[in-house]
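Trainee: I would like to take a close look at one part of this model and then see how the rest fits around it. Could you take me through it slowly?

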Amino acid sequence: RAPGSVHLQPRSAAQRGGGGRAMGSEAGGPRATAPGQQLRALFYVLPPGESSFRTVEEVPDYVEKSIPFFIAFIGLEFAVSWVQKRKLSGRINDGISSLSLGILSRLPDVLFRSVDLISYIYVWNNYRLFELPWDSPWTWYLTLLGVDFAYYCFHRISHEVNILWAAHQVHHSSEDYNLFTALRQSVLQKYTSWIFNLPMALFIPPSVFAVHLQFNLLYQFWIHTEVITNLGPLEWILNTPSHHRVHHGRNPYCIDKNYGGTFIIWDRIFGTFEAEDAKVVYGLTHPVNSFDPIMLQLRPLAHIWNTFWATPGFCNKLSVIFKGPGWGPGKPRLGLPEEIPVITGKEVPFNPSVPAYLNCYAVVHFAVIMDLYTELLGTVTMLSQETILLRIGFIILSLTSFGLLMENRQDTKSGILEIMRCLVFIGVYKLGYLRSQFSSLCYAYEV
């Protein structure tokens, strides 16, 4: 192989599970990270000396290792919100919906390596112009800026191009704003975002890029909260909870503002910055009013499809796809600002009344699915392709059923679907296709 080139190899059990020896070991697996390092990674304050690696295979799976911190911070947010406002920071139905969308977005990674890394490594191996040293702090900081600028460009275009917005809108579909919302991600978005990172592959080693790709994502977790109001001078440089609340607002002054990931400087430079002012009302300008994760992922694409065929003229049809979500014949590229619905402050989030026992049922069964999902992540390299597909199919069926239960529809379809799901569970669990991390719970799960 060429000096410094990277070759994709099948990921070992240690690599898929995030375990492994320290950098420089003969196994060449991911470097182990201490809890303190993982916590600092969540806030992008892990310095170059602790997060520089020679090869992609040595880079830890920081995102997967952050799951316990996600849970801990969500619990902390609930506690602080209760102390501050005497109310919880979220709702059961919206929280389950956000977590379902987060799980759904990660399921393709169980089967395939990240398209971001595959494309990046391919360009690096075949077209790089020169090679910056992987262990240089200057390379580390340059990549920090490069990844965040690429994210700004992609994020802005995702709001201004209808077909990209159809994927990204999933993240904006919650009418709450809390740490659950941070986990509400699109399945489809990752298959377009990779293009914006490729210029860096001409000179920045993949191992450095792989670190910052994760750090940039992790940083954006903690800014999805209302319990942090203002961070003083840091507001001038960093993307903060205050700035990102504006980005998630459907108030007219919030639309298409504050696209930054880690830094807010790009918005200040390119004129897309807006400070938090009037109370922010969260969600889409036209709420979806659903907790079904499949519906939330696919309904915008169906809307584009129907609009495409209903719009006369070939050029207009192309405009439906590639102009803004608010575009229509005779309108500017991004639509007319005056057509954005007026915010009265009396907006009521979609919140169907659900009996307490049904909320308890959904929470318990969702916890079971979380157990099965994390067990799948830990054992995926030891499973057959058929077993993996069966488990993924059952997880998707379960998340869909929970979403419909939370909508409390008057028809009986959601109840029938849930009965079918439970019967499927008993069958595949008895046959050994599903396994819990906790053997002591096997009998309880069957009950």
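Trainee: Is C315 buried or exposed, and what is its relative accessibility?

Mentor: Please keep in mind throughout that this is a predicted model. C315 counts as exposed, because its relative accessibility is 60% and the exposed class begins over 50%. For another cysteine, C153, the relative accessible area is 22%, so C153 is partly exposed, given that this class lies between the 20% and 50% limits. A search of the whole structure for disulfides finds 0.

Let us stay with the surface for a moment. I163, F314, L318 and F322 make a nonpolar surface patch of about 400 Å², and the largest share of this patch, 3 residues, comes from helix 15, which covers residues 314–322. L318 lies in helix 15, and L318 counts as partly exposed because its relative accessibility is 35%.

From the surface we can turn to the interior. The largest nonpolar core has 44 residues, and those that touch the most other members are Y62, M200, F215 and F221. Several helices each supply at least two residues of this core, among them helix 2 (35–42), helix 4 (67–85), helix 6 (115–127) and helix 7, while helix 11 gives the most, with 9 residues. If you select F221 and set aside its neighbours within four places in sequence, you will find F221 in contact with L42, F70, F73, I74, L179, A182 and L183. There is also a second, separate core of 31 residues, which includes V187, F425, V428 and Y429.

Two further residues let you compare the classes of exposure for yourself. T143 lies in helix 7, which runs over residues 137–160, and T143 is buried because its relative accessible area is 0%, where buried means under 20%. Not counting residues up to four places away in sequence, T143 touches I204, V208, F209 and H212. S414 has its place in helix 18, made of residues 413–430, and S414 is buried as well, since its relative accessible area is 9%. Leaving aside the neighbours within four places in sequence, S414 is in contact with S401, L404 and L405.

To return to your question, then, C315 is exposed at 60% relative accessibility, whereas T143 is buried at 0%.

Conventions
Residues numbered from 1 in each chain as written. Predicted model: local features only at pLDDT ≥ 70, side-chain atom pairs only at ≥ 80, totals over all residues. Heavy atoms only, no water. Patch = residues over 30% accessible without salt bridge, like charges linked within 9 Å, V, L, I, M, F, W, Y side chains within 5 Å. Areas by Shrake-Rupley, 256 points an atom, 1.4 Å probe, with all protein chains shown as cover. Salt bridge = Lys/Arg side-chain N within 4 Å of Asp/Glu carboxyl O. Helix = DSSP H or I, 4+ residues; strand = E, 2+ residues; numbered from the N terminus. Buried < 20%, exposed > 50% of the residue type's maximum accessible area, 1.4 Å probe, protein only. Contact = heavy atoms within 4.5 Å. Disulfide = S-S within 2.5 Å. Core = buried A, V, L, I, M, F, W, Y, C linked by side-chain atoms within 4.5 Å.
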